Amino acid sequence: MGEVHVIGQIVGASGFPEHSLFCKWGIHTGGSWKVLSGLREGQTQVDNPQNHEAAYWSHPIDIHFATKGLQGWPKIHFQVWHQDQYGRNELYGYGFCHLPTSPGVHEIECSTWRPTGTFFQQISQFFLGGGPQLKNPDLIYSGADRYKLHTIAMGKVHLRLGLILRNFDRFGIEC
């Protein structure tokens, strides 16, 4: 079986309207992929920068996969949340990106978006906070019905990932 080892970090996020951000993340793969070691999902700490335009998490990612084919190549998905001064959490954006298919160190920027909701929901969000969220978070990385959503662009999540590919040529898997 071919192996993919992903080592790196979620560096942080920039371009969001407020600071005090944290991130929930997960890695989704196809059916022929098996996790040999590491975590498929996690959450960063809250960063509340005082003098910066970005939140920095430096959250580690270290996961090792085995696979029989390239179908279902791993995708990493994010939910970026804002924590206000009262400890309330508000969703600021969803995003996903495919992991690179070539070995080496990669700097990745993952754009995020959030649902806009109806006019009444937007007014309510302005005065009360909160806002629309997806009922099924799988919609983030599966494109089936995503085109039907009304969204607005939010900030970016920054990643630094190193990929190691092993035994792909031995088992007839061509990259």
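## Fold, cysteines and a small cavity in a predicted chain

The secondary structure of this chain comes to one helix and nine strands, where helices (H or I, at least four residues) and strands (E, at least two) are DSSP runs numbered from the N terminus. Read from the N terminus, the elements follow the order β-β-β-β-β-β-β-β-α-β. The model is predicted, so that local features need pLDDT of at least 70 and side-chain atom pairs count only at pLDDT 80 or more, while totals for chains, interfaces and linings use all residues. Residues are numbered from 1 along each chain as its sequence is written, and side-chain values use heavy atoms, with hydrogens and water left out.

Of the 175 residues, 43% count as buried, a class that means under 20% relative accessible area, against over 50% for exposed and partly exposed in between (1.4 Å probe, protein chains only). The chain exposes about 9,900 Å², of which carbon and sulfur atoms supply 52%; the areas come from the Shrake-Rupley method with a 1.4 Å probe, and for residues only the protein chains shown count as cover. Among contacts (heavy atoms within 4.5 Å) with a separation of 6 or more, residues 24 or more positions apart account for 75%.

Ser20 lies in the loop between strand S1 (2-14) and strand S2 (21-28), and Ser20 counts as buried at 8% relative accessibility. Beyond its neighbours within four places in sequence, Ser20 is in contact with Val46, Asp47, Asn48, Pro49, Trp81, His82 and Gln83.

A search of the whole structure finds zero disulfides, a disulfide being a pair of cysteine sulfur atoms within 2.5 Å. Cys23 is in no disulfide, and its nearest cysteine sulfur is that of Cys110. For Cys110, the closest cysteine sulfur is in Cys97, which is too far for a bond. The table gives the distances, and the burial of Cys23 and of Cys110 is described below it.

| Cysteine | Nearest cysteine sulfur | Distance |
|---|---|---|
| Cys23 | Cys110 | 8.9 Å |
| Cys110 | Cys97 | 4.0 Å |

Cys23 is buried, with a relative accessible area of 0%, and Cys110 is likewise buried, at 1%.

The count of cavities of 30 Å³ or more comes to two; a cavity is a set of points, on a 1 Å grid over the protein atoms alone, where a 1.4 Å probe fits but cannot get out, and lining residues have an atom within 4 Å of a point. The second largest cavity has a volume of about 30 Å³, a volume being the space filled by probe spheres set on the points. Its lining includes Ala13, Phe16, His19 and Glu53.

Notes
On a 1 Å grid over the protein atoms alone, a cavity is a set of points where a 1.4 Å probe fits but cannot get out, and a pocket is an open set with protein on both sides within 12 Å along at least five of seven lines; lining residues have an atom within 4 Å of a point.
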